[in-house]
Amino acid sequence: MSGATHDPVFPAVEAAAFTRQHIDDLAAGLLGTVRVPGFFGRPALDTMLTSLHRVPVVSFDLDRMQHPMARFGTALNDYRTPELALDADRYWHDADTARRQWAEIRMTPDPLELALDALGRAWGVRPVPATVGGRPAFVGMLREVNDGTFIHYDDINREYRGGLFDQKVVAQLAFNAWLTAPLEGGTTTVWRHRWEPADEDRRHGYGFQPTAVENDPYVTLSPTAGDALLFNANNYHIVRPSAPGQRRIALACFLGITAGGELVIWS
């Protein structure tokens, strides 16, 4: 594991477990990242890996992402219409299919259940799926990112016009827990930088050119199988390419703190 930061008020923290204070401080911009080494214990991780070959995967929308990435489950970003609304028929069909497939795979232990239990202990109440028109969003995407990403941020309130969920999300965190990790490359960098209008002149595909963050403090971490990471998804971030032939697979989802003080989750 390696980490780097250029700002004492944007630190990379390691802890034995996630806490409510970590979540609050990430939402407030007081931390860069929080990492829990060994989030998935070695025996559990080894058992989970024996089921990976049974997981059906599809590619992200390459017209949008421009980097080859594989996923199991639905990612809400892939179901936006040009008007920034949800393509509801397609999304709910695919979400229901993924839930049925996951039940049939019976990965034991279930990485999503382990994550929800740990996040529930941190928050005090187990997070529940965000809802759209009363229907729970899909949670539990497995994502393989070997070729990296552009610099980007995630914000459900900008991605969908007027927001999407029944709940009002006021802070959005990204959660990743790695099932496999490359020996070289695949690092995650998070900058202390959030979107501002001038960034639109530095657009690059779905993300931004490096000049958008060249003067901003940052944290860089190398993935390790079994570890988990939380950071504020509104901060610009990037995944660097893994070394050739090496795989980077993670359970990935978002946590939303709502205006009512709830913790909701989606992928």
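**Helix α4, its flanking loops and strand β11 in a predicted model**

Helix α4 is followed by Arg106, a residue with a positive phi near 55°. The model described here is predicted, and the chain has an average pLDDT of 93, with 94% of the residues scoring at least 70. The exception of note is residues 1-5, over which pLDDT stays under 50; for this segment the model has 15 contacts beyond four places in sequence.

At the level of the whole chain, the secondary structure comprises six helices and 18 strands. The radius of gyration is 17 Å, close to the 18 Å given by the globule rule for 267 residues, so the chain is as compact as a globular protein of that length. Along the principal axes, the C-alpha atoms fill a box of roughly 50 × 45 × 40 Å. Of the 267 residues, 54% are buried. Among contacts between residues at least 6 apart in sequence, 77% join residues that are at least 24 apart.

Helix α4 (88-105) contains 18 residues, for which a rise of 1.5 Å a residue predicts a span of 26 Å; the C-alpha atoms at its ends are 26 Å apart, in agreement with that expectation. Its buried residues are Tyr91, Trp92, Ala95, Thr97, Ala98, Trp102 and Ile105. These buried residues pack against helix α5 and against four strands, namely β5, β7 (131-132), β8 (135-136) and β9 (141-144).

The loop between β5 (70-72) and α4 holds Asp78. With a relative accessible area of 7%, Asp78 falls under the 20% limit and is therefore buried. The side chain of Asp78 makes a polar contact of 3.2 Å with the side chain of Arg71. Leu84 lies in the loop between β5 and α4 as well. Leu84 has a positive phi of about 65° although it is not a glycine. The relative accessibility of Leu84 is 26%, which lies between the 20% and 50% limits, so Leu84 counts as partly exposed.

On the other side of α4, the loop between α4 and α5 includes Arg106. Arg106, a residue other than glycine, has a positive phi. Its relative accessibility of 67% is over the 50% limit, and Arg106 is therefore classed as exposed. Pro109 is also found in the loop between α4 and α5 (111-123). The peptide bond from Thr108 to Pro109 is cis, with omega near -5°.

Strand β11 (residues 188-191) has buried residues on both of its sides: Thr188 and Val190 point one way, while Thr189 and Trp191 point the other way, and all are buried. Two antiparallel pairings involve this strand. With strand β14 (residues 218-221), β11 pairs over four bridges, and Trp191 stands opposite Tyr218 of β14. With strand β16 (residues 237-239), β11 pairs over three bridges; here Val190 has His237 as its bridge partner.

Definitions and conventions:
Residues numbered from 1 in each chain as written. Predicted model: local features only at pLDDT ≥ 70, side-chain atom pairs only at ≥ 80, totals over all residues. Heavy atoms only, no water. pLDDT = per-residue confidence, 0-100. Contact = heavy atoms within 4.5 Å. Buried < 20%, exposed > 50% of the residue type's maximum accessible area, 1.4 Å probe, protein only. Polar contact = N/O pair within 3.5 Å; in protein donor to acceptor, adjacent residues only side chain to side chain. Pairing = 2+ DSSP bridges. Expected span 1.5 Å × (residues − 1). Rg over C-alpha atoms; globule rule 2.2 N^0.38 Å.
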